[in-house]
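Biologist: I would like to learn how to read the packing of a protein model, one feature at a time. Could we go through it together, with the general idea first and the particular case after it?

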Amino acid sequence: MAMNIRKELFINQDLKYKAFQSKLIPNISCDRIIGVRIPQLRKIGKTLEDNNFEWDFYEEVMLHGFYIGYAKLPLEERLALLDEFVPYIDNWAVCDCVCSTLKFISNNKAEFLKYLKKYMKSDKEYDVRFAVVVLMNYYIDDVYSDFAVDYFINIKSDFYYVNMAAAWALSVAFVKYSDKVMPAIEDGRLTDEIHNMTISKIRDSFRVDKETKAYLKGLRK
């Protein structure tokens, strides 16, 4: 299985894409990137019958995450596999692509939230980013938005990729629940980095009106 997966990845290698990815993910050695585009990785991920393959390359780690999302597994097994997987997250791309693939969370929100709290409380950069992106993808709704937004607002981190994720999540929440996010911006409750990143992200949105964008620009620190 291991040799077949790696062989399949190299068959689908795109060296120009590898060079592009290496620039987008500067904290990973170029030697760890094969250069397989995400749609092709997803196609491979949907065919996996097990996860008995290596973790050496960026794409292999991504496939482990896709397996958890795509395979037909009981919730308990998915959670056990996530505990194995999350420590291997060392870049934003694996984190974000895999989080968007964990669609099973939508049908198990209460139980998964109990599981997620250990990552929300972690002091590791990508544990926390994983928690933030999961909450952003599945919990910004009428039931959980108060909880999720409150968590984003209270993040105090020195990690760039945590702060960027928090700002991204707050900007997504702002579109539907501006009444929950705007007071935190106006009152200065966010860290300076998250505050300014959040305003930039909101102002980049096509779903926010010009007047609101202009007002937010004046709140930058």
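Modeller: Gladly, and we should keep in mind throughout that this is a predicted model.

Biologist: Let me begin with the cysteines: how many disulfides does a search of the whole structure find?

Modeller: The general idea is a distance test, since a disulfide is a pair of cysteine sulfur atoms within 2.5 Å. Here the search of the whole structure finds 0 disulfides. C30 is in none, and the nearest cysteine sulfur, that of C97, is 18 Å away. The sulfur of C97 has its closest cysteine sulfur in C95, at 9.3 Å, and is therefore too far for a bond.

Biologist: Is C97 buried or exposed?

Modeller: C97 is buried, with a relative accessible area of 18%, while C30 is partly exposed, at 36%.

Biologist: Which residues of helix α3 are buried, and where do they lie around the axis?

Modeller: In helix α3, which spans residues 38–45, the buried residues are I38, L41, R42, I44 and G45. They lie on the same side of α3, because they cover an arc of only 160° around the axis. The face turned away from that buried side carries the exposed residues P39 and K43.

Biologist: Why would one look for a nonpolar core?

Modeller: In soluble globular proteins, nonpolar side chains tend to be buried together, so one looks for such a set. In this model the largest nonpolar core has 84 residues, of which L82, F85, F112, F130 and Y139 touch the most other members. Helix α10, residues 160–186, gives the most to this core, with 13 residues.

Biologist: What does Y139 touch, if residues up to four places away in sequence are not counted?

Modeller: Y139 touches I105, N108, K109, F112, L113, V134, Y144, S145 and A148.

Biologist: At what angle do helices α8 and α9 pack?

Modeller: Helix α8 (residues 125–138) and helix α9 (residues 145–153) pack at about 145°, with their axes 10 Å apart, and α8 passes α9 in a left-handed crossing. On the α8 side the residues involved are V128, A131, V132, L135 and M136, which meet F147, A148, Y151 and F152 in α9.

Biologist: A last case, then: where is T212 found, and with which residues is T212 in contact?

Modeller: T212 is found in helix α12, residues 210–217, and is buried, with a relative accessible area of 19%. Leaving aside its neighbours within four places in sequence, T212 is in contact with F174 and M182.

How values were computed. Residues are numbered from 1 along each chain as its sequence is written. This is a predicted model: local features need pLDDT of at least 70, side-chain atom pairs count only at pLDDT 80 or more; totals for chains, interfaces and linings use all residues. Side-chain values use heavy atoms; hydrogens and water are left out. Buried means under 20% relative accessible area, exposed over 50%, partly exposed in between (1.4 Å probe, protein chains only). Helices (H or I, at least four residues) and strands (E, at least two) are DSSP runs, numbered from the N terminus. The arc is that of the directions from the helix axis to the C-beta atoms. A nonpolar core is a set of buried Ala, Val, Leu, Ile, Met, Phe, Trp, Tyr and Cys residues joined through side-chain atoms within 4.5 Å. Contact means heavy atoms within 4.5 Å. Axes are lines fitted to C-alpha atoms, for helices over the stretch in contact, and angles run from 0 to 180 degrees between N-to-C directions. A crossing is left-handed if the near helix is turned anticlockwise from the far one by less than a right angle, and right-handed if clockwise.
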